[in-house]
Each structure stands twice: as C-alpha cells, then as structure tokens.
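User: I would like a close look at one helix pair in this protein. Please start with the overall picture, then take the packing apart.

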Amino acid sequence: MNRPLSKIIPRCKQNIHPWQIRLSHWINLLAMICMIMSGWGIYNAYPLFPFTFPQSTTLGGWLGGNIAWHLATMWLMAVNALFYLLWGLFSGHFKRSFFPFSSKSVWRDTVRAFTFTLPHKLGEYNAVQRLMYVSVLLLGALLVLSGLSIWKPVQLSGLVWLLGGFGSARYVHFFAMSGVMLFVVIHVLMVLLVPKTFIAMITGGKKAHIQENTDE
C-alpha cells in the first residue's frame, strides 16, 4: 500500500555554514584586522602617497612593532588560508558555491540589487556574490605574492621582477589591500541589510533538505 510522500521522504536539517567555514571566517577576520592595522603603520614609515593613516588606527606603536605584528599575524593568516583552501577544494565548496557565473548573470543580479529585487537565500550565493568571493581570493593571492616580494626582495628577486620591481610591488600590495578592504565594506553593508546572515555565520544556521527513505 502506498504511503504519503511526506512519510516516505522526511525533512531533515543541515547546517548552512559548516564549522570549517565559520572557524576560518572568524580567524580570518581577526587576522585581517591585525594585518591591516600593522600594515598601515608600516605604510606610514614609507608613504606611497601624500597621506598617512592616523596613529590610533595602527598596531604596534612604532615601525619595529608594526613589522613584528605584521609578520606574526601573517603566519596565522597563512595557516588559516591553507586550511580553508584545502577544505574548499576537497569538499567541493568552491565548485558548488562559487561557480558557475557569467558576465550576463553578474549584470542581471547587479541590476536586481540596485532595484532591490534581488532575492536572498541563506547558503546560496548570487552571481555578484560569487564574483566577489572569487575576486577576493585572487586579491588575497596577489597580497601574498607582493608581500613576500617586499619582505624578501633579494631571495625572491624573480618574483620582484615579475611584479615590476620593488617599488611596483609596494603599489601592487597597497592596491590589493585596498581591494580587499572594499570587499569587506560591501560585505559588512550586505550583512547590515540582511542581519540573519550574521547569526548564521555564528550558529551555522539550519536548512531543510529532502532525504529519501529507503525503508520498505
């Protein structure tokens, strides 16, 4: 005798954000704050542009302290990034969450966002979000490469050459950092517009999925 579909296929609950994502997210937030603030202190010692950052927004107190904080936090960010990248690749998170997207889908969702008609579903990224997350990962790689070339210009002279020289590497590092900060600003604005995303990143959130019951 046939049973109702609701009994054959019960609804189950799954985390929207697995613990691996949440852990790496919050570690990365702490590391980024320390990296940016200490980086501003280093920048102030050798400005690229006719402005400096307020001393109150820097970390370390003086150039030696800025560098010490920057290098110490660099290792925390490196380990966290490696963990996230390996998990993202082998779990299928990158392929499942960040791809595919196209210029057409990005334009469509951009128009929807500006007309306040873009639907938002926890755990699912629209085309604009996918582009932003892929872009910030690439900017992160550029930050690492340019940062290494500034830190070890003699040992990594080939990398310095690829970046156009030591001076150019500093500009690349600065603009890559600025791009990451722009991402952070947009990200925070989106969280303010959709506060439930903040709660989900703390608790993991719950989403329903259908699981077939194979019992006879």
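How much area does the protein expose, and what share of it do carbon and sulfur atoms supply?

Analyst: This is a predicted model. The protein exposes about 14300 Å². Carbon and sulfur atoms supply 72% of that area. Of the 216 residues, 29% are buried.

The fold has 9 helices and 2 strands. Along the sequence the order is α-β-α-α-α-α-α-α-α-α-β. Take the contacts between residues at least 6 apart in sequence: 68% of them join residues at least 24 apart.

Now the pair. Two packed helices are described by the angle between their axes and the distance between the axes. Here the helices are α2, residues 19–45, and α8, residues 166–193. Their axes come within 12 Å. They cross at roughly 135°. An angle over 145° would count as roughly antiparallel, and 65 to 115° as roughly perpendicular. The crossing of α2 and α8 fits neither range, so α2 is oblique to α8. The crossing is left-handed.

Next, the side that each helix brings to the contact. From α2 come His25, Met32, Ile36, Trp40 and Tyr43. From α8 come Phe174, Met177, Val180, Met181, Val184 and His187. By class, the contact of α2 with α8 has 9 nonpolar and 2 polar residues. It has no charged residues. The polar ones are His25 in α2 and His187 in α8.

In short, α2 and α8 meet obliquely, in a left-handed crossing, through a contact with 9 nonpolar residues.

Notes
Residues are numbered from 1 along each chain as its sequence is written. This is a predicted model: local features need pLDDT of at least 70, side-chain atom pairs count only at pLDDT 80 or more; totals for chains, interfaces and linings use all residues. Side-chain values use heavy atoms; hydrogens and water are left out. Axes are lines fitted to C-alpha atoms, for helices over the stretch in contact, and angles run from 0 to 180 degrees between N-to-C directions. Helices (H or I, at least four residues) and strands (E, at least two) are DSSP runs, numbered from the N terminus. Angles under 35 degrees count as roughly parallel, over 145 as roughly antiparallel, 65 to 115 as roughly perpendicular and the rest as oblique. A crossing is left-handed if the near helix is turned anticlockwise from the far one by less than a right angle, and right-handed if clockwise. Contact means heavy atoms within 4.5 Å. Buried means under 20% relative accessible area, exposed over 50%, partly exposed in between (1.4 Å probe, protein chains only). Accessible areas come from the Shrake-Rupley method with a 1.4 Å probe; for residues, only the protein chains shown count as cover.
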